Amino acid sequence: MGGVYSSDRMAGFFSYESSQVDWCEDNYKHSEHVVEFFNTMSSFIFFIISPIMLYLLHPYAKERNLAIHLVWVMMLFVGIFSAYFHMTLSFAGQMLDELSILWVLAVGYAIWFPRRLFPSFIKDRSTFSRLILVVTVITSVSSFVQPTVNAYILNCFGLHMLYILANEMRCCTDQKVLRLAKLSVALWILAISCWISDRFSCGFWQKLNFCYLHSIWHILIVIAVAYGSTLIAYLDANYEIPYSLPGLQYWPCDEWALGLPHIVLRGTTKTLKWSEFSC
């Protein structure tokens, strides 16, 4: 009997609509196999933006640390699990979706948290990264027992990073960097507004026959992450590899008002070696 109970419980874990979360989009409206069609399809924006950002940030990652690529590799998993969640609205899909976001934040936190702000008992980044790994693993396991744990840790990671970023920008005078920061905040506010409105004002949007705000959230948030992570990476490059003379450009054309931001390095390790030799 115990084995049957466990099997049934596992089946329920993966079954369609086993999650308590149901977004505003009408279920099964466009396909009998996909619960939320547009929310599922919009998740594929992650598969477009992530490879581009991996390519654009490679020169910086190569000079700084190739582990930086993990951020956008994990964003690909966010896209996979988001599509699976909205296709099924299963509890398994919900947990995988939320935990993949947690791991993106954890990786970014471990890689980009300023060394000068490490607690006194932490001497190097590898120790700090192991601490973040332990916290993230414990949170991931705990989330299956108490899913709200994940939300609290997500907020802690996210809000702390925003606080640090805000302090960093106070002393910045570079107009291109300030513009990137403003665009990052604007995109984040728009994305969060769509998420909140879809979640808590569904009745209003149903009357307007426009139940696609969560789909728009997917598009806005992946672009916001591209802007925000590039901003953080630029500040990190100035602290960690200042000899590389980092700058900001936009793809596909730097003259366009909007595009995907990335870091260009005007100096390399050779520049560092030459400066040391000159001294």
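The largest cavity in this predicted model is lined by Glu25, Asp26, Lys29, His30, Asn209, Cys211 and Tyr212. Sorted by class, this lining holds 2 nonpolar, 2 polar and 3 charged residues. The volume of the largest cavity comes to about 50 Å³. When the whole structure is searched, 1 cavity of 30 Å³ or more is found.

Open pockets come next. The second largest pocket holds about 260 Å³ of space, and 16 residues line it. Lying nearest the centre of this pocket are Trp112, Phe113, Pro114, Ile164 and Ile232. Three helices, H6 (91-112), H8 (148-169) and H11 (213-240), are the elements that each give two or more residues to the lining. Helix H11 provides the largest share, with 5 residues. As for the classes of residue in the lining of the second largest pocket, 10 are nonpolar, 1 is polar and 5 are charged.

Trp112 is a good residue to follow from the pocket into the interior. Besides lying among the residues nearest the centre of the second largest pocket, Trp112 belongs to the largest nonpolar core, which has 64 residues. Within that core, the members that touch the most others are Ile49, Met53, Tyr60, Trp72, Trp112 and Met169. Helix H11 gives the most to this core, 14 residues. A second core lies apart from the largest one and has 5 residues, including Val21, Trp23, Val35 and Leu89. The surroundings of Trp112 can also be listed one by one. With neighbours within four places in sequence left aside, Trp112 is in contact with Tyr60, Ile68, Val71, Arg125, Ser229, Ile232, Ala233 and Asp236. One of these partners, Tyr60, is also named among the core members that touch the most others, while another, Ile232, is also named among the residues nearest the centre of the second largest pocket.

Thr40 offers a view of a single side chain and its setting. This residue lies in helix H2, which covers residues 37-42. Thr40 has a relative accessible area of 3%, so it counts as buried, the cut-off for that class being under 20%. The side chain of Thr40 reaches the backbone oxygen of Glu36 at 2.6 Å. Leaving aside neighbours within four places in sequence, the contacts of Thr40 are Val34, Ala83, His86 and Met87.

The backbone has some points to notice too. Two residues other than glycine have a positive phi: for Glu17 the value is near 60°, and for Tyr28 it is near 55°. Glu17 sits in the loop between helix H1 (2-14) and H2, and the loop between H1 and H2 is also the place of Tyr28. How buried or exposed is each of them? Glu17 has a relative accessible area of 40% and is therefore partly exposed. Tyr28, at 31% relative accessibility, counts as partly exposed as well. Both values fall in the range between the limits of 20% for buried and 50% for exposed.

Finally, the chain contains a cis peptide bond, which runs from Trp251 to Pro252 and has omega near 10°. Pro252 is found in a loop that links two strands, S1 (246-251) and S2 (260-265).

Definitions and conventions
Residues numbered from 1 in each chain as written. Predicted model: local features only at pLDDT ≥ 70, side-chain atom pairs only at ≥ 80, totals over all residues. Heavy atoms only, no water. 1 Å grid on protein atoms, 1.4 Å probe; cavity = no way out; pocket = protein on both sides within 12 Å on 5 of 7 lines; lining within 4 Å. Points joined across faces, edges and corners; volume = space filled by probe spheres on them. Nonpolar A, V, L, I, M, F, W, Y, C, P; charged D, E, K, R; others polar. Helix = DSSP H or I, 4+ residues; strand = E, 2+ residues; numbered from the N terminus. Buried < 20%, exposed > 50% of the residue type's maximum accessible area, 1.4 Å probe, protein only. Polar contact = N/O pair within 3.5 Å; in protein donor to acceptor, adjacent residues only side chain to side chain. Contact = heavy atoms within 4.5 Å. Core = buried A, V, L, I, M, F, W, Y, C linked by side-chain atoms within 4.5 Å.
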